[in-house]
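Please open the structure in your viewer and keep the sequence panel beside it. The stops below are meant to be followed in order, each beginning with something to select.

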Amino acid sequence: MKEGPDIALIGSLIGDPARANMLTALMGGQALTATELAAQAGVTLQTASSHLAKLEAGGLLTQRKQGRHRYYALSEDEVGLMLESLMGFAAGKGLTRSRPGPKDPALRKARVCYNHLAGDYGVRMLDSLIAARQIEMTDDDDLALTDAGRIRVESLGVDYAALKKSRRPICRTCLDWSERRSHLAGSLGEALLTLFIENGWAKREQNSRAILFTAAGEKAFLELFPR
């Protein structure tokens with residue numbers, strides 16, 4: 001390709017198995033150290049540092065220093081969306097390292113996708129909001145919050161004014177790689193997941209992307225977002 005976006009460079013960065021494992025580990029939305037990412041990739045710390053430098057130079061990662069440690073995270077929402085989309089494409093083509101879909105049923109049910117809810121519950125939430133006409137598809141096949149939707153999310157405790165001030169899209173689709181359908185991303189998707197956790201409805205499973213709902217939280221979620 002002689003001109004235009006350099007997809008070959010991005011492909012080469014993601015295509016290395018060690019770097020792919022590092023990026024996947026960061027899909028949980030948490031910042032990790034080089035040592036933690038080296039363990040995820042199965043490489044030495046020195047090799048991991050080289051990989052991380054390449055990913056940061058390519059704009060896929062960002063780092064921050066806290067005390068003696070440096071923490072790495074995905075640089076922006078678009079990186080997480082790209083990775084989830086690639087996972088969905090690979091799974092749809094049968095290109096999996098095991099059987100299709102997450103091994104752990106908890107991951108298939110509900111998990112964090114960078115900063116928003118994914119899995120069956122993530123898809124259910126978006127479907128329910130669309131069915132209630134609180135989110136609608138736009139002409140360019142993206143999502144928009146309706147007036148009814150704004151009233152609904154504000155009643156739940158979401159600060160819509162703060163979402164509107166953000167430069168990030170309020171609503172956007174993200175292809176769910178286990179469900180092969182879209183779930184809700186954007187600042188609203190992040191705000192709702194944060195709300196579920198702060199309300200005690202759900203919590204993150206340690207060392208996993210799984211989101212575990214309490215019995216009361218699950219009951220409230222299913223009533224709030226009926227099929």
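## A buried histidine, and onward

Begin with H51, which is buried, its relative accessible area being 10%. As this is a predicted model, everything described on the way is a property of the computed coordinates. H51 sits in helix α4, which spans residues 45-57. Display its side chain together with that of R19, and a polar contact of 2.9 Å between the two side chains can be drawn. If residues up to four places away in sequence are set aside, the residues that H51 touches are D16, A18, R19 and M22.

## Two helices that cross

Next select α1 and α2, whose axes lie 6 Å apart and pack at an angle of about 85°. That angle makes α1 roughly perpendicular to α2. To see where the two helices meet, show S12, L13, I14 and G15 on the α1 side, and P17, R19, A20 and L23 on the α2 side.

## The cores

Keep L23 selected and add L61 and L74: of the 30 residues in the largest nonpolar core, these three touch the most other members. The elements that contribute two or more residues to this core are α1 (7-15), α2 (17-25), α3 (34-41), α4, β3 (69-74) and α5 (77-92). Which of them gives the most to the core? It is α5, with five residues.

Centre the view on L61, and look for its contacts with L23, L26, L52, L55, E56, Y72, A73, L74 and S75, again leaving out residues up to four places away in sequence. A second core, separate from the one just shown, has 28 residues, among them Y121, L188, W201 and F213.

## Helix α3 and its two faces

Now isolate α3, where the buried residues are A34, L37, A38 and A41. Why do these residues lie on the same side of α3? They cover an arc of only 105° around the axis, and this places them on one side of the helix. An α-helix has 3.6 residues a turn, so residues three or four places apart point the same way.

Restoring the surroundings shows that the buried residues of α3 pack against α2, β1 (32-33), α4 and β3. On the face turned away from the buried side, the exposed residues T35 and A39 can be selected. Just after the helix comes G42, which takes a positive phi of about 70°.

## A histidine in a strand

Move to H116 in strand β5. This histidine is buried, with a relative accessible area of 3%, and its side chain is joined to that of N115 by a polar contact of 2.9 Å. Beyond residues up to four places away in sequence, H116 touches L81, R111, C174, H183, L184, A185, G189, E190 and L193.

## Two arginines with positive phi

Most residues other than glycine have a negative phi, and most peptide bonds are trans. With that in mind, select R133, which is not a glycine and yet has a positive phi of about 60°. R133 belongs to the loop between α7 and β6 (135-137), and at 69% relative accessibility it counts as exposed.

R180 is the next selection, with a positive phi near 60° in a residue other than glycine. R180 lies in the loop between β8 (172-175) and β9 (182-185), and its relative accessibility of 38% means that it counts as partly exposed.

## Strand β11 and helix α11

In strand β11, pick L212, which is partly exposed, with a relative accessible area of 30%. A C-alpha to C-alpha distance drawn from L212 to I197 gives 9.6 Å, for two residues 15 apart in sequence. Leaving out residues up to four places away in sequence, L212 touches A106, W201, A202, K203 and E205.

Finish with helix α11 (residues 215-224), in which G217, F221 and L224 are the buried residues. These cover an arc of only 70° around the axis, which puts them on the same side of α11. Their cover includes β5 (116-118), α7 (120-131), α8 (147-156), α10 (186-198) and β11 (211-213). Turn the view to the face directed away from this buried side, and the exposed residues A215, A216, K219 and E223 come into sight.

Methods:
Residues are numbered from 1 along each chain as its sequence is written. This is a predicted model: local features need pLDDT of at least 70, side-chain atom pairs count only at pLDDT 80 or more; totals for chains, interfaces and linings use all residues. Side-chain values use heavy atoms; hydrogens and water are left out. Buried means under 20% relative accessible area, exposed over 50%, partly exposed in between (1.4 Å probe, protein chains only). Helices (H or I, at least four residues) and strands (E, at least two) are DSSP runs, numbered from the N terminus. The arc is that of the directions from the helix axis to the C-beta atoms. Contact means heavy atoms within 4.5 Å. A polar contact is a pair of N or O atoms within 3.5 Å; within protein, one must be able to donate a hydrogen and the other to accept it, and residues adjacent in sequence count only if both atoms are side-chain atoms. A nonpolar core is a set of buried Ala, Val, Leu, Ile, Met, Phe, Trp, Tyr and Cys residues joined through side-chain atoms within 4.5 Å. Axes are lines fitted to C-alpha atoms, for helices over the stretch in contact, and angles run from 0 to 180 degrees between N-to-C directions. Angles under 35 degrees count as roughly parallel, over 145 as roughly antiparallel, 65 to 115 as roughly perpendicular and the rest as oblique.
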